[in-house]
Amino acid sequence: MENEEFSAPAADAASTPDAPAPAVRKRPKPGERRVQILQTLAAMLERPGAERVTTAALAAQLDVSEAALYRHFASKAQMFEGLIDFIEQSVFTLVNQILERESAGKEQAARIVTMLMQFAEKNPGMTRVMVGDALVYENERLQSRMNQFFDKIESTLRQALRDAVIADGSDTPTVDAQVRAGALTAFVVGRLQRFARSGFRRLPSEHLDAAIQLML
């Protein structure tokens, strides 16, 4: 709804030349509202104990109508897909940087796991998306995308660890690398779930170096 503007009578305006002009709501630039919607959704997911976020609650938080939301996103599922896009792009950009800077092996795998924990701590709302807490009752394809995300993480860890298990003298490096990668991935998911379900009190990085050393 547009703000109503009231014009003062000429005599009053002349007597109060310094009166402030009526506040006019600034219209977001193209694309800004879409980003604002996603940022607000992520912020709402950061609230400890938050229930399922509805489009009505999201619209109220933004002080717009639900119809205004659907001018930028066809559905709430599409909003969550926007958050998943951010997660994928951010995490795998960092993964690629680690792969470029570190030689394959235990150090590379440890850095990937550490990065995931740090990303979660900096983005609590995204953590609820990653572990599926925020996706309950939403479209099944959203959870499938997060499953694929962790499958890709596990595959990356497996490739990183294969050289390490060969160096350790393993007779079955492919199998051993898969076992270690699977254990690390399950560890990551478990830490992120604990973080989300503790109301973001139990940090994923708690005793992290010691835990990674035990698994590697």
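1. A nice place to start is the charged end of Lys 152, which sits over the ring of Phe 92, 4.3 Å from the ring centre. Please keep in mind while reading that this is a predicted model.

2. The ring of Phe 92 also has aromatic company: together with Phe 149 and Phe 150, Phe 92 makes up one aromatic cluster. Across the structure there are four aromatic pairs. If you are looking at this region on screen, Phe 92 is a handy residue to centre on, with the cluster and the charged end of Lys 152 both in the picture.

3. Next, have a look at Arg 145, which belongs to helix α8, residues 140–167. Is Arg 145 buried or exposed? Its relative accessible area is 19%, and since the cut-off for buried is under 20%, Arg 145 counts as buried. Leaving aside residues up to four places away in sequence, Arg 145 touches Glu 81, Ile 84, Asp 85 and Glu 88.

4. Now to the packing of two helices. Helix α2 (residues 32–45) and helix α5 (residues 76–101) meet at an angle of about 85°, and their axes are 10 Å apart. Angles of 65 to 115 degrees count as roughly perpendicular, so that is how α2 and α5 lie to each other.

5. Which residues make this contact? On the α2 side they are Arg 34, Ile 37, Leu 38, Leu 41, Ala 42 and Leu 45, and on the α5 side Gln 78, Met 79, Phe 80, Gly 82 and Leu 83. By type, the residues of the contact comprise eight nonpolar, two polar and one charged.

6. Two backbone angles deserve a friendly flag. Most residues other than glycine have a negative phi. Phe 200, although not a glycine, has a positive phi of about 70°. Phe 200 lies in the loop between α9 (173–197) and α10 (208–215), and with a relative accessible area of 14% it is buried.

7. The other residue to flag is His 207, which is likewise not a glycine and has a positive phi of about 50°. His 207 is also in the loop between α9 and α10. Where Phe 200 is buried, His 207 is exposed, with a relative accessible area of 64%. That value is above the cut-off for exposed, which is over 50%.

Methods
Residues are numbered from 1 along each chain as its sequence is written. This is a predicted model: local features need pLDDT of at least 70, side-chain atom pairs count only at pLDDT 80 or more; totals for chains, interfaces and linings use all residues. Side-chain values use heavy atoms; hydrogens and water are left out. Axes are lines fitted to C-alpha atoms, for helices over the stretch in contact, and angles run from 0 to 180 degrees between N-to-C directions. Helices (H or I, at least four residues) and strands (E, at least two) are DSSP runs, numbered from the N terminus. Angles under 35 degrees count as roughly parallel, over 145 as roughly antiparallel, 65 to 115 as roughly perpendicular and the rest as oblique. Contact means heavy atoms within 4.5 Å. Ala, Val, Leu, Ile, Met, Phe, Trp, Tyr, Cys and Pro count as nonpolar, Asp, Glu, Lys and Arg as charged, and the others, Gly among them, as polar. Rings of Phe, Tyr and Trp (its six-membered ring) pair if their centres lie within 6.5 Å; planes under 30 degrees apart count as stacked, over 60 as edge-to-face and the rest as tilted. A charge sits over a ring if NZ of Lys or CZ of Arg is within 6 Å of the ring centre and within 35 degrees of the ring normal. Buried means under 20% relative accessible area, exposed over 50%, partly exposed in between (1.4 Å probe, protein chains only).
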